[in-house]
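This briefing goes through a structure topic by topic. Please keep the sequence and the coordinates open while reading.

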Protein chains: 2
Amino acid sequence: MDVTRYTFEDFTPGRRFDFVERTLTADEIIAFATEFDPQPMHLDEEAGRASILGGLAASGWHTSAVMMRMLYEAYINGSTSEGSPGVDLMEWKRPVLAGDTLGGHCVVLDARASRSRPEIGIVRFRAEVTNQRGEIVAVSEYINMMRLAPSEGAAHAHG
Amino acid sequence: MDVTRYTFEDFTPGRRFDFVERTLTADEIIAFATEFDPQPMHLDEEAGRASILGGLAASGWHTSAVMMRMLYEAYINGSTSEGSPGVDLMEWKRPVLAGDTLGGHCVVLDARASRSRPEIGIVRFRAEVTNQRGEIVAVSEYINMMRLAPSEGAAHAHG
């Protein structure tokens with residue numbers, strides 16, 4: 001990145017970041033499943049229709065990975081993100097079928113300073129992934145560690 | 001699958017399934033990150049060394065996807081799995097670096113019948129992914145829905 005768009009200070013509770021929509025193809029679903037989750041309903045249209053998912057359906061972990069890319073585009077790219085220690089919640093609420101167009105948003109739940117690393121803040125987000133009918137297909141609540149903006153004092157100390 | 005290895009009845013609390021070990025290469029880490037999580041520490045060795053991760057490190061979602069594949073090989077393949085509504089916990093506790101060999105196991109926490117679908121049971125698992133030093137790199141607790149074995153009565157009714 002050339003320019004920092006967001007530092008910890010930008011992630012105030014309630015702030016929302018919208019996702020850019022993306023259509024998931026059968027080829028993408030099958031490619032992910034072949035590598036990571038080769039259950040029949042993720043590999044084959046017929047097997048998907050015979051399952052409770054009702055069609056060729058993305059692995060839940062594929063939906064999560066697509067959500068990660070949407071988060072990257074929405075706010076992580078160009079931010080001071082230092083990654084995540086994990087997620088508190090990851091629900092796959094509805095099937096994601098081949099041809100579905102995913103969108104949605106994430107919102108800041110809360111943000112606090114790290115006790116052990118004063119240059120870092122801890123931001124909790126809730127993300128909701130929706131389909132083309134506006135139905136929520138996945139929900140996640142997770143933590144993102146973000147560096148604070150450099151302080152004037154620190155800038156001088158290094159200047 | 002040709003033969004059903006496991007039905008709901010096999011998943012008794014405390015039963016453990018070991019993972020087959022797998023080494024994660026730099027190419028695999030970069031390929032996943034390019035598609036789903038293109039943060040610099042997941043794409044580039046230098047950027048990884050400059051980050052708190054200490055080297056070219058897999059996206060947490062990549063580690064989770066690899067865990068999914070390990071679960072598939074350990075017990076889902078050949079089972080009556082009907083998928084998962086989500087995970088209660090997904091922690092990425094230590095960096096997974098290029099060349100690390102992952103292993104670990106999952107264990108059944110509890111199992112109960114579904115109230116709404118009597119042919120289905122709900123099994124909760126805890127999975128721990130370890131590296132070649134025996135350190136836990138990821139932990140997940142999640143639900144897997146499993147069909148019960150066909151009852152004698154049901155078999156006769158269809159016979």
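Is B:D110 buried or partly exposed? B:D110 has a relative accessibility of 30%, so B:D110 counts as partly exposed. The model is predicted. The points below cover chain A as a whole, its contact with chain B, one buried threonine, and the salt bridges of both chains.

**Chain A overall**

- Chain A contains 4 helices and 6 strands.
- Read from the N terminus, the order of the elements in chain A is β-β-α-α-α-β-β-β-β-α.
- The C-alpha trace of chain A spans about 65 × 25 × 25 Å along its principal axes.
- Of the 159 residues in chain A, 49% are buried.
- Among contacts in chain A with a separation of 6 or more, 70% come from residues 24 or more positions apart.
- The exposed area of chain A is about 7400 Å², and 52% of it is supplied by carbon and sulfur atoms.
- Chain A carries 15 positive and 23 negative charges, and the mean positions of these two sets are 5 Å apart.

**Contact between chain A and chain B**

- Chain A and chain B each bring residues to the contact: 34 residues from chain A and 34 residues from chain B.
- About 2900 Å² is buried between chain A and chain B, with carbon and sulfur atoms giving 64% of that area.
- A:F36, A:I52 and A:W61 supply 24% of the area that chain A buries against chain B, which is more than any other three residues.
- The rule finds 0 salt bridges across the interface of chain A and chain B.

**A:T63**

- A:T63 sits in helix α3 of chain A, which covers residues 60-76.
- The relative accessibility of A:T63 is 4%, so A:T63 counts as buried; the cut-off for buried is under 20%.
- Leaving aside residues up to four places away in sequence, A:T63 touches A:A58, A:V96 and A:A138.
- A:T63 and A:W92 are 29 residues apart in sequence, and their C-alpha atoms are 8.2 Å apart in space.

**Salt bridges in chain A**

- Over all chains, the rule counts 28 salt bridges.
- One of them joins A:R124 to A:D110, with the closest N and O atoms 2.9 Å apart.
- A:R124 belongs to strand β5 (residues 120-130) and A:D110 to strand β4 (residues 101-113), so this pair ties together parts of chain A that are 14 residues apart in sequence.
- A:R124 counts as partly exposed because its relative accessibility is 25%.
- A:D110 is also partly exposed, with a relative accessible area of 29%.
- A network of salt bridges links A:D110, A:R124, A:R126, A:E128 and A:E141.

**Salt bridges in chain B**

- B:D110 and B:R124 meet through their side chains in a salt bridge, at 2.9 Å from N to O.
- This pair links distant parts of the chain, with B:D110 in strand β4 (residues 101-113) and B:R124 in strand β5 (residues 120-130) of chain B, 14 residues apart.
- B:R124 has a relative accessibility of 25% and therefore counts as partly exposed.
- B:R124 and B:E141 also form a salt bridge through their side chains, at 3.8 Å from N to O.
- B:R124 lies in strand β5 and B:E141 in strand β6 (residues 136-147) of chain B, so this second pair ties together parts that are 17 residues apart in sequence.
- B:E141 is buried, because its relative accessible area is 17%.

Notes. Residues numbered from 1 in each chain as written. Chains lettered and ligands numbered in written order. Predicted model: local features only at pLDDT ≥ 70, side-chain atom pairs only at ≥ 80, totals over all residues. Heavy atoms only, no water. Helix = DSSP H or I, 4+ residues; strand = E, 2+ residues; numbered from the N terminus. Buried < 20%, exposed > 50% of the residue type's maximum accessible area, 1.4 Å probe, protein only. Contact = heavy atoms within 4.5 Å. Areas by Shrake-Rupley, 256 points an atom, 1.4 Å probe, with all protein chains shown as cover. Lys, Arg positive; Asp, Glu negative; His and termini not counted. Charge placed at Lys NZ, Arg CZ, Asp CG, Glu CD. Buried area = accessible area lost by both parts, 1.4 Å probe. Salt bridge = Lys/Arg side-chain N within 4 Å of Asp/Glu carboxyl O.
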